[in-house]
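Biologist: I am new to reading protein models, and I would like a close look at one part of this one. Could you pick a helix and walk me through its surroundings, step by step?

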Amino acid sequence: MCGIVGYIGGKKAAPILLDGLSKLEYRGYDSAGIAVRDGDKKPKVIKAEGKLKVLSEMTADGESVMGTCGIGHTRWATHGEPSKINAHPHHTDDDNVVGVHNGIIENYKELRDKLLRHDYSFYSETDTEVAIKLIDYYYKKYNMGPIDALAKTMVRVRGSYALVVMFADYPGEIYVARKESPMIIGLGEGENFVASDVPAILKYTRNVQYIGNLEMGRITSTGTTFYDLNGDEIDKPVSEIEWDSEAAEKGGYEHFMIKEIHEQPKVVEDTIKSLIKGEEGSYKVDFSESGITEDDIKKCSGIHIVACGSAYHVGVVTQYVLEDLARIPVRVELASEFRYRKPILDKDEIVIIISQSGETADSLAALREAKEHGIKTFAIVNVVGSSIAREADYVCYTLAGPEIAVATTKAYSTQLIVGYLMAIRFAEARGYLDDEKINDYIVDLLKIPGKIQKVIDDKERLQWFASKYANAKDVFFIGRGIDYAICLEGSLKMKEISYVHSEAYAAGELKHGTISLIEDGILVIGVATQSDLYEKTISNMVEVKSRGAYLMGLTAYGSYDLEDTANFTVYVPKTDEHFAASVAIIPLQLLGYYLAVARGLDVDKPRNLAKSVTVE
């Protein structure tokens, strides 16, 4: 969603704020603004609608704005249309409080009405202005300090927020408050930083502190102090970000997405090796660092996999593999549905939460719902110290590194790996796999990075095909079993970055209404990597071709008879069919990417989307 950056130190703040905000552009935004203080002077607030470059041009890349303490924000509209007046930062009429906010204040109308009765007026349509003026109200009415005013506001506000504010009476300080929306504090020498995500500050420091849920902080150039809702001080450990700063740069690629597609062989290999031990002939899966025990696995009566978007599609693949290898009941659910359907949960079940950012609002709420039922939770996340990672009973980190493009590729691929290895580990603990078979599976998994690379090396064929279908309006994906799960992700990749309407269907459902959508020339992509379902999928492809569809087939090397049916065929290296999604998804990622490029679209920042969905 929105991006936040704050700086206090001995350097000019504005250039640092703009640079940090530029590292958060991938999150999606429609306007931007900064507020900078020069000593005890009134803050200079500068805002602009549109891309960050407009704000940069207005301020000569920040060099024209004096001051060493400031906050910045990129806004993704929720309350009020995209406009300069609705852009952050927001401030009180007397500039006593100026601040930025990520999240949604659910009861902002009620709070706005309260403030109107106390002679406050409003210039914007935003919930953020309400929050800033509510802080001001408590600060003045009760003659409170900043921390007490923030605490009073937090108790009254319903919703999610990462708040960063400056007070006129405290010119050398920045104050922060957090509920659910992500925020980190970066530590430097004689300077400190605030950000909503790591890339914004990675250029300046790798030492960070994580502010917890319902906590506040005071940031100066020389230190940080954290508080709970009672105003009592909290000790915070310092963590080191292990990402290389170059990992958050394009590195010569045209877009982050294509760079991240190319990074998949390495991050998949890194994730596999982080979860296995031993050597060939005696490989074993090792989840001990996650905290889950042999006894936890053995007594598990069932699994709920809860996620959103691409992570949900990982869950669908994992369901097939877990049930087949470990013979354990698995239910995959959208996080937004899980939390509202009043789930029936057994005390010996485990809820697995999958999230790249570890801050996905619905997934975090689902985790808390499970914990309220006394159910153990297992998080699969990419961001160390994220909310989901901190709150889950067990956590396994994927090693995808920073993923900047909105459309996930490498995070999805590393999540798949964790799902496979979890299936193997559960199958071993439950007595369904012996040592020899476990070793064979791991040997096969270790070959996947090379197979992914082979598909990437053949990307020019897909680039040509994408240019041929750049004007497509509707595309359908069909498959069965794991192939259907692959179709779900392939379809999402296409629609989210190329804006081509696409849908994925279980091939066996075609005759139950869907086939009526087929007409001359429409592109249908059939995925057929599962040998026991291959002939059935081919039969479905023949059905749509007979009704005028243009067929693209996706299968493994050796299944060359698919060319008798498909108009265009893509082959991927063979792997164990449980793991086919890891290899077969790569051509579909590339197809979505090249379609978007051929259509002249902003691949890394597709319209209306944000990287991390931290509100409902």
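Modeller: Happy to; what follows starts at one helix and then moves outward to other parts of the chain. Please keep in mind that this is a predicted model.

Let us begin with helix α7, which covers residues 264-274. Its buried residues are Gln-264, Pro-265, Val-267, Val-268, Thr-271 and Ile-272. Look at how those numbers are spaced while you recall a general rule: an α-helix has 3.6 residues a turn, so residues three or four places apart point the same way. As for what lies over the buried residues of α7, the cover includes α6 (256-262), β16 (276-277), α13, α14 (435-446), α15 (448-457) and α19 (580-598).

Let us follow one of those, helix α13, which runs over residues 410-429. Ser-413 sits in this helix. Is Ser-413 buried or exposed? Ser-413 has a relative accessible area of 1%, and because buried means under 20%, Ser-413 counts as buried. Leaving out residues up to four places away in sequence, Ser-413 touches Gln-264, Val-268 and Gln-589. With Gln-264 there is also a polar contact between the two side chains, at 2.6 Å. Gln-264 and Val-268 are both among the buried residues of α7, so you can trace this meeting of α7 and α13 from either side.

Now step back to the nonpolar interior. The largest nonpolar core has 98 residues, and those that touch the most other members are Phe-287, Phe-378, Ile-424, Phe-426 and Met-552. Take Phe-287: beyond residues up to four places away in sequence, Phe-287 touches Leu-275, Ile-292, Phe-378, Cys-396, Val-418, Leu-421, Met-422 and Arg-425. Another core, of 29 residues, lies apart from that one, and its members include Ala-131, Ala-151, Met-154 and Tyr-227.

Ala-151 and Met-154 lead us to a second helix, α5 (residues 146-156), where they are buried along with Pro-146, Ile-147, Ala-149, Leu-150 and Thr-153. Among the elements covering the buried residues of α5 are α4 (127-141), β7 (159-167), β8 (174-179), β12 and β13 (224-227).

To finish, come out to the surface. Val-155, Leu-214 and Leu-229 make a nonpolar patch of about 240 Å² there. Leu-214 is in the loop between β11 (207-210) and β12 (215-219), and with 33% relative accessibility Leu-214 is partly exposed.

Technical notes: Residues are numbered from 1 along each chain as its sequence is written. This is a predicted model: local features need pLDDT of at least 70, side-chain atom pairs count only at pLDDT 80 or more; totals for chains, interfaces and linings use all residues. Side-chain values use heavy atoms; hydrogens and water are left out. Patches are made of residues with over 30% relative accessible area and no salt bridge: like charges are joined within 9 Å, nonpolar side chains (Val, Leu, Ile, Met, Phe, Trp, Tyr) within 5 Å. Accessible areas come from the Shrake-Rupley method with a 1.4 Å probe; for residues, only the protein chains shown count as cover. A salt bridge is a side-chain nitrogen of Lys or Arg within 4 Å of a carboxyl oxygen of Asp or Glu. Helices (H or I, at least four residues) and strands (E, at least two) are DSSP runs, numbered from the N terminus. Buried means under 20% relative accessible area, exposed over 50%, partly exposed in between (1.4 Å probe, protein chains only). A polar contact is a pair of N or O atoms within 3.5 Å; within protein, one must be able to donate a hydrogen and the other to accept it, and residues adjacent in sequence count only if both atoms are side-chain atoms. Contact means heavy atoms within 4.5 Å. A nonpolar core is a set of buried Ala, Val, Leu, Ile, Met, Phe, Trp, Tyr and Cys residues joined through side-chain atoms within 4.5 Å.
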